[in-house]
Amino acid sequence: MYYICDLKSIVLFPNYFKKIGWVLIVAALGIWLCSEILDLDLSFLTLKVPAIYSADYPLTSDPKGGWFVYTTQDMAYTLFSVFFIVGGLLVVFAREQVEDEFIHSVRHSALIWAVSINYLLLLLAFLGLYGPVFIDVVIYNVYSILIIYILRFNYLLRISKKRALVYEE
């Protein structure tokens, strides 16, 4: 198989960043669980924050909009997103204990798979979902490529290890 870039040109984080990434993902899921599933009062996360742009929506707590303003926002979703995306990127781009050509090909395969499934789901949403449900799917689509990649990459590693154990016996 021919790759446009060689293994040495790919810059990855050190392996210990994967653990940091998993901690951030767990923290993000904890925030999501508390705010969306358990419906806990997270009013302490409602803060006045600087915004590059704030739209003038009459239903928000801060009806004034504009460029470079301070606005009062519930930061639970923002914290969830930042923790999940940063954590996911750290998990995805952290080196494995042994980073070789096989791991490189598994990364490549998982990436192709994740992008394909992600856009297939988005295409299905465009063809069959409308209104607020469609917006929800588009919002979750931001996270799905990381989720699919991590699941596929770890699945491929796990089955390759099982196959290697079978061949050794």
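Let's begin with two helices, α1 (16–37) and α4 (132–168): each of them supplies at least two residues of a nonpolar patch. Keep in mind as you look that this is a predicted model. The patch lies on the surface and covers about 940 Å². Its members are L29, W32, L33, I37, L38, L40, Y77, I135, I139 and Y140. Which helix gives the most? That is α1, with four residues.

Now pick out one member of the patch, L29, and find it in helix α1. Is L29 buried or exposed, or somewhere in between? Its relative accessibility is 39%, so L29 counts as partly exposed. The reasoning rests on two cut-offs: buried means under 20%, and exposed means over 50%.

Next, move over to helix α4, where you will find N141. N141 has a relative accessibility of 13%, and therefore counts as buried. Which residues does N141 touch, leaving aside those up to four places away in sequence? They are N118 and L122. Y119 is also worth finding: N141 and Y119 are 22 residues apart in sequence, while their C-alpha atoms are 8.7 Å apart in space.

Finally, turn to helix α2, which runs over residues 76–92. You can check its length yourself. The helix has 17 residues, and at 1.5 Å a residue it should span 24 Å, because the expected span is 1.5 Å times one less than the number of residues. The C-alpha atoms at its ends are 24 Å apart, so the model agrees with the expectation. Several residues of α2 are buried, among them F80, F84, L90 and V91.

Note on methods:
Residues numbered from 1 in each chain as written. Predicted model: local features only at pLDDT ≥ 70, side-chain atom pairs only at ≥ 80, totals over all residues. Heavy atoms only, no water. Patch = residues over 30% accessible without salt bridge, like charges linked within 9 Å, V, L, I, M, F, W, Y side chains within 5 Å. Areas by Shrake-Rupley, 256 points an atom, 1.4 Å probe, with all protein chains shown as cover. Salt bridge = Lys/Arg side-chain N within 4 Å of Asp/Glu carboxyl O. Buried < 20%, exposed > 50% of the residue type's maximum accessible area, 1.4 Å probe, protein only. Contact = heavy atoms within 4.5 Å.
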